[in-house]
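User: I am new to this structure and would like a short tour. Please take my questions one at a time.

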Amino acid sequence: MAPIIALAVLALAIILERFWSLRRKEVLPDGLGEEVRDWARGRQLDPKHIDILRRNSPLGELLAAGLDVRHRPREIIKERIEDVGRHVAHRMERFLNTLGTIAAVAPLLGLLGTVFGMIEMFLDILTAGVGDANRLAGGIGQALISTAAGLCVAIPAVIFHRYLRGRITEYVVEMEQQATALLDALEEEPSASPGKPPRATKRGKA
């Protein structure tokens, strides 16, 4: 039971941390992609602003990667965005492999605990005989508790593991769309008015 309880605490910590880190406003700030495109069309591409954009959010990091090589051919820009995108996606998937491992291991630990309990019970029967049938039933029930505990840990872990992976996939698709839109904006003619820098310059993280 002790390892199962430890896995339950660890799984809960991972789930809470990932829910906090994968909030939509932290990954895909509202309006950031459109503001960066306006910024790019107006050619207001200050290196300082790009650096602040990079620290703004995962989406900001992806868009900043494209702006870093904006004078290169489209294919080069696209490759840079894809390279950075793989690193961003990997960071968003942090701890999810651990959560998946917990989902797989917890029921096995529960089954192992039940097997050990049954072995101990049958060894007692071998030594002292069957004795009281109620006591035998109670021993079997106690042995099955660890299996139930393992399943109680594994089932939520599987559910949240799949949910969080689905959320990350959604974010990645949206970031790809924003990156493609930025590529199109970089190929447009400069607009007549430069426009204001995006909000990323005000909300960059230290």
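User: Leaving aside neighbours within four places in sequence, which residues is Leu99 in contact with?

Analyst: This is a predicted model. Contact here means heavy atoms within 4.5 Å. With neighbours within four places set aside, the partners of Leu99 are Ala11, Ile14, Ile15, Ala157, Phe160, His161 and Leu164.

User: Which residues touch the most other members of the largest nonpolar core?

Analyst: This core holds 44 residues. Its members are buried, which means under 20% relative accessible area. Leu99 is one of those that touch the most other members. The full set is Leu53, Leu67, Met92 and Leu99.

User: Which element gives the largest share of this core?

Analyst: Elements that give two or more residues include α1 (2-21), α3 (32-41), α4 (47-56) and α5. The list goes on with α6 (74-92), α7 and α8 (133-186). The largest share is 12 residues, and the element that gives it is α8.

User: Why is helix α5 described as largely enclosed by the rest of the structure?

Analyst: Helix α5 covers residues 58-68. Among its buried residues are Pro58, Gly60, Glu61 and Leu67. The helix is largely enclosed because the buried count is 10 of the 11 residues.

User: How many aromatic pairs are there by this rule?

Analyst: Rings pair if their centres lie within 6.5 Å. Counted this way, the number of aromatic pairs is 2.

User: Is the pair of Phe19 and Phe160 stacked or edge-to-face?

Analyst: The centres of the Phe19 and Phe160 rings are 5.8 Å apart, with 80° between the planes. Planes over 60 degrees apart count as edge-to-face. So the pair of Phe19 and Phe160 is edge-to-face.

User: How far apart in sequence are the parts that this pair ties together?

Analyst: Phe19 lies in helix α1, and Phe160 lies in helix α8. The pair therefore ties together parts of the chain, and their separation in sequence is 141 residues.

User: What kind of pair do Phe19 and Tyr163 form?

Analyst: The ring centres of Phe19 and Tyr163 are 5.7 Å apart, and the planes meet at 20°. Planes under 30 degrees apart count as stacked. Phe19 is in helix α1 and Tyr163 in helix α8, 144 residues apart. The pair of Phe19 and Tyr163 is therefore stacked.

User: Are Phe19, Phe160 and Tyr163 buried or partly exposed?

Analyst: Ring pairs link Phe19, Phe160 and Tyr163 into a cluster. The relative accessible area is 28% for Phe19, 29% for Phe160 and 41% for Tyr163. Buried means under 20% and exposed over 50%. So Phe19, Phe160 and Tyr163 count as partly exposed.

User: Which residues form a nonpolar patch on the surface?

Analyst: Leu112 belongs to the patch. Leu112 has its place in helix α7 (residues 96-128) and is partly exposed, with a relative accessible area of 40%. Together the patch residues have about 550 Å² of accessible area. They are Leu111, Leu112, Val115, Phe116, Ile119 and Leu123.

User: How many helices and strands does the protein have?

Analyst: Read along the sequence, the pattern is α-α-α-α-α-α-α-α-α. The secondary structure comes to 9 helices and 0 strands.

User: What percentage of the protein's residues are buried?

Analyst: The protein has 206 residues. About 12,300 Å² of the protein is exposed, and carbon and sulfur atoms supply 61% of that area. The buried residues make up 34%.

Methods: Residues are numbered from 1 along each chain as its sequence is written. This is a predicted model: local features need pLDDT of at least 70, side-chain atom pairs count only at pLDDT 80 or more; totals for chains, interfaces and linings use all residues. Side-chain values use heavy atoms; hydrogens and water are left out. Patches are made of residues with over 30% relative accessible area and no salt bridge: like charges are joined within 9 Å, nonpolar side chains (Val, Leu, Ile, Met, Phe, Trp, Tyr) within 5 Å. Accessible areas come from the Shrake-Rupley method with a 1.4 Å probe; for residues, only the protein chains shown count as cover. A salt bridge is a side-chain nitrogen of Lys or Arg within 4 Å of a carboxyl oxygen of Asp or Glu. Helices (H or I, at least four residues) and strands (E, at least two) are DSSP runs, numbered from the N terminus. Buried means under 20% relative accessible area, exposed over 50%, partly exposed in between (1.4 Å probe, protein chains only). A nonpolar core is a set of buried Ala, Val, Leu, Ile, Met, Phe, Trp, Tyr and Cys residues joined through side-chain atoms within 4.5 Å. Rings of Phe, Tyr and Trp (its six-membered ring) pair if their centres lie within 6.5 Å; planes under 30 degrees apart count as stacked, over 60 as edge-to-face and the rest as tilted.
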